[in-house]
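Biologist: Could we walk through this structure together, one question at a time? I would like to see how each answer is reached.

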Amino acid sequence: MHGFIFVWYTFSVYVSAIRLVQAQQSCNDACVLPACRCFSDRSIPGYLSPFLTPQTVLLTFVGGLNSSLEPLYDVLLNFQNPNNCPIRTTFFIDDTETDYSIVASYANRGHEIGVQSLNGTSPTSANGWTDMIRDMDRRLDAIGLPPGSIKGVRAPQLSFGGTDELTGMETNGMLYDSSCLTSTLVTPGTLKWPFTYDHEYGMFKCDNGQAVERAFPGRWQFMLASYNFEGSRCAIPDACGNVKTGRQAFDILHEAFLDHYLGDRAPYTIVISPAWIKTDYKRDGLIDFLTYITNYKDVWVVTQTQALQWVQHPTSIQNITQFEPWKC
């Protein structure tokens, strides 16, 4: 009996490996930029070397946006990219406690507005995601941001909604999700570039949330690498309880940055909560980090959509100042 089980297990592993190779081959044959990218693709877009690839840092904020937070965010935005244009960030907003006139102000200054939720909780069905995204689109449309300009979704608590969320995104014409947390693909050799759900959607699962059970052509995912700081594993910087000083606030961001910069330069997405911004030493550590990275000539702080535009149209550092989506 034990011999039979061993043979059956070996055969199952072999069949699974064959199916994985076939799925990868099918994706690689059918999936090309700018519309599609395979999850299993380990190359840098455009087959560039790391030294010719700009490192993008995606500074993203979540939650309500209001007058109590506005001056705290503003002190973070007085930095410039290598082309002397201001850095750009992404706000994933909740309807709760949001002043939409402030949202419009940030959008008019070139920052990206994405959707998180109506009330800080995730919908529980495809219809719920569809309705939530549509309702948020209507609120943003009322301040001059038409639905076509809102491209990204981040689920509350980084609990990815899987098939239901992507159905809501597809119905409302949303382009990408930025909720998929991973605690395994976090080292310089495994950090993921954005990919689409055209193929290989069953090859992985986010740490939190639901699985994807069918293809969603043209819908992109920005995976979020968790942090491992001084022995603590945490989803976002503010979840690491051992960040007690401004220096540690800088270090947790800097160590994760180096994993990206010294690897294949996949986009480094930073999720900043209102609690982090409201804590003086954590905010100071973030300011020190931005001061540090904006001295690099090959590091760009851009919106998630701007980073995706680069993935779709890879441009080497030698020509990056002419890359239209990143101009002032």
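Biologist: Let's begin with one side chain. Is Lys282 buried or exposed?

Modeller: Happy to start there, and keep in mind that this is a predicted model. The relative accessible area of Lys282 is 9%. Buried means under 20%, so Lys282 counts as buried.

Biologist: Which residue does Lys282 meet in a salt bridge?

Modeller: A helpful idea first: side chains of opposite charge can pair when their charged atoms come close. Here the N to O distance is 2.8 Å, and a salt bridge asks for a nitrogen within 4 Å of a carboxyl oxygen. The partner of Lys282 is Asp238.

Biologist: How many residues apart are the two members of that pair, Lys282 and Asp238?

Modeller: Lys282 sits in helix α8, residues 280–293. Asp238 is in the loop between β11 (232–234) and α6 (246–261), and it is partly exposed, with a relative accessible area of 24%. The pair links distant parts of the chain, and the separation is 44 residues.

Biologist: Now for the helices: are α6 and α8 parallel or oblique to each other?

Modeller: Their axes come within 7 Å and cross at roughly 45 degrees. Angles under 35 degrees count as roughly parallel, and 65 to 115 as roughly perpendicular. The angle here fits neither range, so α6 and α8 are oblique.

Biologist: Is the crossing of α6 and α8 left-handed or right-handed, and how many nonpolar residues does the contact have?

Modeller: The crossing of α6 and α8 is right-handed. Residues that meet there include Phe250 and Leu253 in α6, and Leu286 and Phe289 in α8. By class, the contact has three polar and two charged residues, while the number of nonpolar residues is nine.

Biologist: Back to salt bridges. Why does the pair of Asp95 and Arg139 tie together parts that are apart in sequence?

Modeller: Their side chains meet at 3.0 Å, N to O. Asp95 lies in the loop between β2 (90–94) and α3 (100–108), whereas Arg139 belongs to a helix spanning residues 126–141, so the pair joins parts 44 residues apart; that helix is α4.

Biologist: Which residue forms a salt bridge with Arg134?

Modeller: Arg134 is partly exposed, at 29% relative accessible area. Its partner lies three residues away in helix α4, about one turn of the helix. The closest N and O atoms are 2.7 Å apart, and the partner is Asp131.

Biologist: And how many salt bridges does the structure hold?

Modeller: We have looked at a few of them, including Lys282 with Asp238 and Arg134 with Asp131. For the structure, the count is eleven.

Terms used. Residues are numbered from 1 along each chain as its sequence is written. This is a predicted model: local features need pLDDT of at least 70, side-chain atom pairs count only at pLDDT 80 or more; totals for chains, interfaces and linings use all residues. Side-chain values use heavy atoms; hydrogens and water are left out. Helices (H or I, at least four residues) and strands (E, at least two) are DSSP runs, numbered from the N terminus. Buried means under 20% relative accessible area, exposed over 50%, partly exposed in between (1.4 Å probe, protein chains only). Axes are lines fitted to C-alpha atoms, for helices over the stretch in contact, and angles run from 0 to 180 degrees between N-to-C directions. Angles under 35 degrees count as roughly parallel, over 145 as roughly antiparallel, 65 to 115 as roughly perpendicular and the rest as oblique. A crossing is left-handed if the near helix is turned anticlockwise from the far one by less than a right angle, and right-handed if clockwise. Contact means heavy atoms within 4.5 Å. Ala, Val, Leu, Ile, Met, Phe, Trp, Tyr, Cys and Pro count as nonpolar, Asp, Glu, Lys and Arg as charged, and the others, Gly among them, as polar.
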